[in-house]
Amino acid sequence: VSNSSALIGSDLTSKKTSSTCTTKKMKKHIKKSKSYVIRNGLELSSQWKKWCASPQSALKFLLLPIGARLEEDMEINGEINLGTSHSILNELQTNEKSELDPSLRLQPEDVIRLCKVEMEADIMEGILGALNLAVSIDRANEDKDTSALSNFIYRWIRSISKCGRFCLNVDFLNIEQKDWVLRIMGFLEEQIIDVSSEVDEDGDDRTKCFIYNRKDLELLRVAYNIVSIPTCSQN
């Protein structure tokens with residue numbers, strides 16, 4: 001009887017140990033999975049400074065999917081080549097949805113929560129530089145449906161304007177950065193003007209593909225204090 005009790009006790013201990021190990025592995029896996037999601041402004045700031053040293057790397061960062069491993073999906077030095085950004089944007093442009101698929105690691109609207117108190121000037125300037133790059137890449141591609149890209153850019157421009165210290169950051173934009181905003185706004189407006197008289201296969205107005213209109217853009221122009229062409233664009 002004592003031997004049987006010992007065996008039963010040993011078996012229970014073994015099962016308990018196995019269960020504990022499994023639980024620890026699950027918790028470790030969950031913790032590891034959560035590490036791919038930006039939980040607060042400090043994490044955003046830390047990751048941005050580490051991985052977004054240029055407009056190219058910043059654009060790649062903004063387009064990372066959920067579950068992306070930064071060490072694997074971003075180059076060690078934070079740089080990516082223009083061709084990589086180009087291919088990512090081509091995939092975005094061929095997306096049939098009017099808005100970007102909600103599988104992005106960082107949604108534009110996330111920064112409203114992450115930067116409710118303050119968006120660091122470097123992050124705001126970096127995002128604007130990335131969006132300006134996206135516009136430049138798109139202009140090199142003709143005959144592309146850019147509604148998905150336009151909506152993506154608009155969502156970012158709008159979300160930035162809802163972050164903390166936005167007005168102060170706008171005041172400190174230099175001439176080149178204001179030129180980026182002007183170019184971005186111009187691009188967004190061009191897209192809805194280009195399709196204003198077109199209809200899709202079902203006979204619907206193609207402007208319905210866009211989540212914004214000219215009035216929305218005008219409000220953003222005022223928010224960004226973009227009322228005239230910066231002098232650097234005239235040089």
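## Exercises on an all-helix chain

Among contacts in the chain (heavy atoms within 4.5 Å) between residues at least 6 apart in sequence, 79% join residues at least 24 apart. The model is predicted, so local features need pLDDT of at least 70 and side-chain atom pairs pLDDT 80 or more, while totals for chains, interfaces and linings use all residues. Residues are numbered from 1 along each chain as its sequence is written, and side-chain values use heavy atoms, leaving out hydrogens and water.

**Exercise 1.** Work out how many helices and strands the chain has.

*Solution.* Start with the rule: helices are DSSP runs of H or I with at least four residues, strands are runs of E with at least two, and both are numbered from the N terminus. Applying it gives 11 helices and zero strands. Read along the sequence, the pattern is therefore α-α-α-α-α-α-α-α-α-α-α.

**Exercise 2.** Classify the ring pair W48 and F61, and place it in the chain.

*Solution.* First, the rule: rings of Phe, Tyr and Trp (its six-membered ring) pair if their centres lie within 6.5 Å; planes under 30 degrees apart are stacked, over 60 edge-to-face, and the rest tilted. Four aromatic pairs pass this rule. For W48 and F61, the centres are 5.6 Å apart and the planes stand at 85°, an edge-to-face pair. Next, locate the rings: W48 sits in helix α2 (residues 41–51) and F61 in helix α3 (residues 55–62), so the pair ties together parts 13 residues apart in sequence. Finally, both W48 and F61 are buried (buried is under 20% relative accessible area, exposed over 50%, partly exposed in between, with a 1.4 Å probe and protein chains only).

**Exercise 3.** Do the same for F166 and Y224.

*Solution.* The ring centres lie 4.9 Å apart with planes at 80°, so this pair is edge-to-face. It links distant parts of the chain, with F166 in helix α9 (residues 166–171) and Y224 in the segment after α11 (214–223), 58 residues apart. F166 has 6% relative accessibility and counts as buried; Y224, at 0%, is buried too.

**Exercise 4.** How are helices α8 and α11 oriented to each other?

*Solution.* Take the axes, which are lines fitted to C-alpha atoms over the stretch in contact, with angles from 0 to 180 degrees between N-to-C directions. Those of α8 (residues 147–160) and α11 come within 11 Å and cross at roughly 40°. Now compare with the classes: under 35 degrees is roughly parallel, over 145 roughly antiparallel, 65 to 115 roughly perpendicular, and the rest oblique. The two helices, α8 and α11, are therefore oblique. To finish, list the contact residues: Y154, I157 and R158 of α8, and D216, L217 and L220 of α11.
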